[in-house]
Amino acid sequence: MTKPRFYLTTAIAYPNGRPHMGHAYEAIASDVIARFKRLDGHEVRFLTGTDEHGLKIDQAARAAGMAPKAYVDQMVAPFQALDAALGISFDRFIRTTDADHKALVQALWQRMAANDDLYLGRYEGWYSVRDEAFYDEAELVTADDGARLSPQGTPVEWTVEESWFFRLSAYQDRLLALYDSQPDFIQPASRFNEMRAFVAGGLSDLSVSRTSFAWGIPVPGDERHVMYVWLDALANYLTGAGGLDGEWWPAALHIVGKDVVRFHTVYWPAFLMSAGLALPKTVFGHGFLLNRGEKMSKSLGNVVDPAEMAQRFGVDRLRWFLCREVAFGEDGSYSDEAIVERTNADLANGIGNLAQRSLAMVAKNLGGVMPVWGEAGETELRLKQAFHAGAEAYFAAMNSLALHRALDAVMAMVTAANGYFAENAPWALAKSGDTTRMAEVLAATLDATRRIVLLAQPFMPGSTSLLLDQLGVAADARDFNGFNTPVAAGTQLPAPAGVFPRITLDG
RNA sequence: GGCAGCGUAGCUCAGUUGGUGAGAGCGCCGGAUUCAUAACCCGGAGGUCGGCAGUUCAAGUCUGCCCGCUGCUACCA
């Protein structure tokens with residue numbers, strides 16, 4: 001049975017600073033989903049990258065005395081290094097300065113223009129360079145020194161600018177129809193209500209070009225203008241799909257931060273409708289990561305370097321922690337203590353110890369040869385039932401993007417396997433000389449471990465690979481097709497070695 | 001101001017359409033055990049289910065008000 005192709009994307013990062021935990025989190029969560037889909041038999045395309053145009057980059061480059069392109073070339077490197085450090089299995093790292101992207105955005109513009117959705121007008125208002133947003137008079141706040149500031153406290157200036165506009169207002173009904181006919185278009189559901197209410201409240205036309213700076217993609221036929229960064233940025237998903245008529249479009253899933261859900265669920269589908277293109281299936285807005293419950297900020301000095309975190313704890317520990325501890329879609333909190341505690345409990349005491357205790361007995365008592373199954377007794381049946389339920393919960397959770405629930409299910413299977421092992425006490429069987437029964441218990445435990453590790457693969461690709469080596473699982477038997485196929489009795493296993501040592505805060 | 005959501009054990013949270021004595025994981029305490037990474041297994045302590053008042057034979061689970069928190073949105077002389 002062939003499964004549908006699965007095209008997923010992360011949001012593209014704006015490289016005007018160094019990558020932070022939020023970038024790492026989004027990349028990891030998306031990577032977990034991509035790996036899951038591959039293991040589950042889907043043909044997957046996974047896109048990530050950087051959003052490199054706009055006034056802020058232009059200004060930062062100027063301040064650094066560099067040309068914008070040279071500046072972003074240098075700023076992008078840490079993002080690519082982070083992806084490498086985190087094991088992100090993207091198929092393409094797109095940069096909005098890529099030539100094919102530029103061509104695509106201009107073609108997209110022309111399609112929207114052909115549909116009579118673009119017109120030249122004048123934009124005036126209070127503009128914040130920092131926020132890249134216009135504000136109404138009423139939204140402004142007054143600083144202590146009397147200066148006008150945006151609601152975010154950034155400087156604003158009165159700006160009058162000729163601008164191209166997109167007839168967003170014409171799409172209100174079609175957007176509402178989209179939401180109502182496709183309730184899973186916006187996830188989690190709490191965001192659905194907010195976006196629907198926003199659209200139902202009426203839409204204004206959207207300014208989609210600027211003349212005040214030149215670092216962007218020129219508007220076709222009116223090169224005084226460069227395109228509004230969001231039009232440019234959102235279109236990266238089309239470029240990554242292979243173009244306007246790309247083979248991978250439409251996307252199955254856009255993973256984005258909750259702060260940009262509106263751009264992805266209102267503007268983006270309207271742009272696509274205008275261009276006569278298919279719409280993505282789902283936009284998922286994940287939450288923010290808090291450092292000990294506090295927002296990360298430079299002034300608090302609590303911004304941590306995710307690559308350094310991965311280095312210190314190990315990539316897979318970090319990946320596991322973020323997916324297990326944070327309910328996907330909600331905000332979450334992390335701290336060194338929490339990472340140590342969580343991963344010691346789940347990985348060292350749980351999965352790692354389960355593998356080690358059973359593999360060590362096979363090595364010591366059976367010469368490291370995969371034992372023969374026995375007839376299933378009562379404890380085997382209970383184990384089987386627990387695993388059946390666990391796998392079912394796992395797949396249901398993964399398919400609904402409840403990554404943390406999937407790991408709940410995995411841990412329930414670990415508990416069941418450890419319970420089975422303790423109940424049958426194979427070490428006592430070894431002493432009493434009942435080698436046959438001991439071997440049966442070890443066979444069942446090793447297979448339970450194999451199933452657990454198989455399901456953990458999307459979350460911890462490196463560690464699970466080592467464990468599957470130790471469990472004698474062939475490289476071509478590691479996707480979910482092989483879930484119900486035990487390792488053949490008689491297979492010689494390599495010497496076991498701990499994969500998840502306990503760690504302490506001191507390191 | 002409007003709309004939506006939330007407030008349940010130290011921590012993070014589950015708790016279908018109201019109905020056996022309120023749950024899980026982690027942490028903590030005790031026991032057992034020794035195959036294993038002082039891990040695993042068993043047991044235990046700990047909660048006025050934000051507050052008050054109602055509806056009901058029965059409410060964490062419905063209604064009203066209040067307190068606190070969050071998101072979206074609107075407005076301000």
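Biologist: What makes asparagine 349 a polar contact of RNA strand B?

Modeller: This is a predicted model. In it, a polar backbone atom of asparagine 349 is 3.4 Å from a sugar or linking oxygen of the RNA. A polar contact needs N or O atoms within 3.5 Å, so this pair counts.

Biologist: What makes lysine 364 a polar contact of RNA strand B?

Modeller: One of its polar side-chain atoms lies 2.8 Å from a phosphate oxygen of RNA strand B. The limit is 3.5 Å, so the pair qualifies.

Biologist: And how do you know that glutamate 341 makes a polar contact with RNA strand B?

Modeller: An N or O atom in the side chain of glutamate 341 is 3.2 Å from a sugar or linking oxygen of the strand. That is within 3.5 Å, so it counts as well.

Biologist: Which helix gives the most to the surface near RNA strand B?

Modeller: H12 does, with 12 residues. Helix H12 spans 336-366.

Biologist: Why is strand E1 called largely enclosed?

Modeller: E1 covers residues 6-10, and 5 of the 5 are buried, so the rest of the structure largely encloses it. Buried means under 20% relative accessible area. Both faces are covered: Phe6, Leu8 and Thr10 are buried on one side, Tyr7 and Thr9 on the other.

Biologist: How do you know that E1 and strand E2 pair?

Modeller: Pairing takes at least two bridges. E1 and E2 have 4 bridges, in the parallel sense, so they pair. Tyrosine 7 stands opposite arginine 45 in E2.

Biologist: What makes E1 and strand E14 a pair?

Modeller: 3 bridges join them, and at least two are needed, so they pair too. They run parallel. Here leucine 8 stands opposite leucine 253 in E14.

Notes: Residues numbered from 1 in each chain as written. Chains lettered and ligands numbered in written order. Predicted model: local features only at pLDDT ≥ 70, side-chain atom pairs only at ≥ 80, totals over all residues. Heavy atoms only, no water. Polar contact = N/O pair within 3.5 Å; in protein donor to acceptor, adjacent residues only side chain to side chain. Buried < 20%, exposed > 50% of the residue type's maximum accessible area, 1.4 Å probe, protein only.
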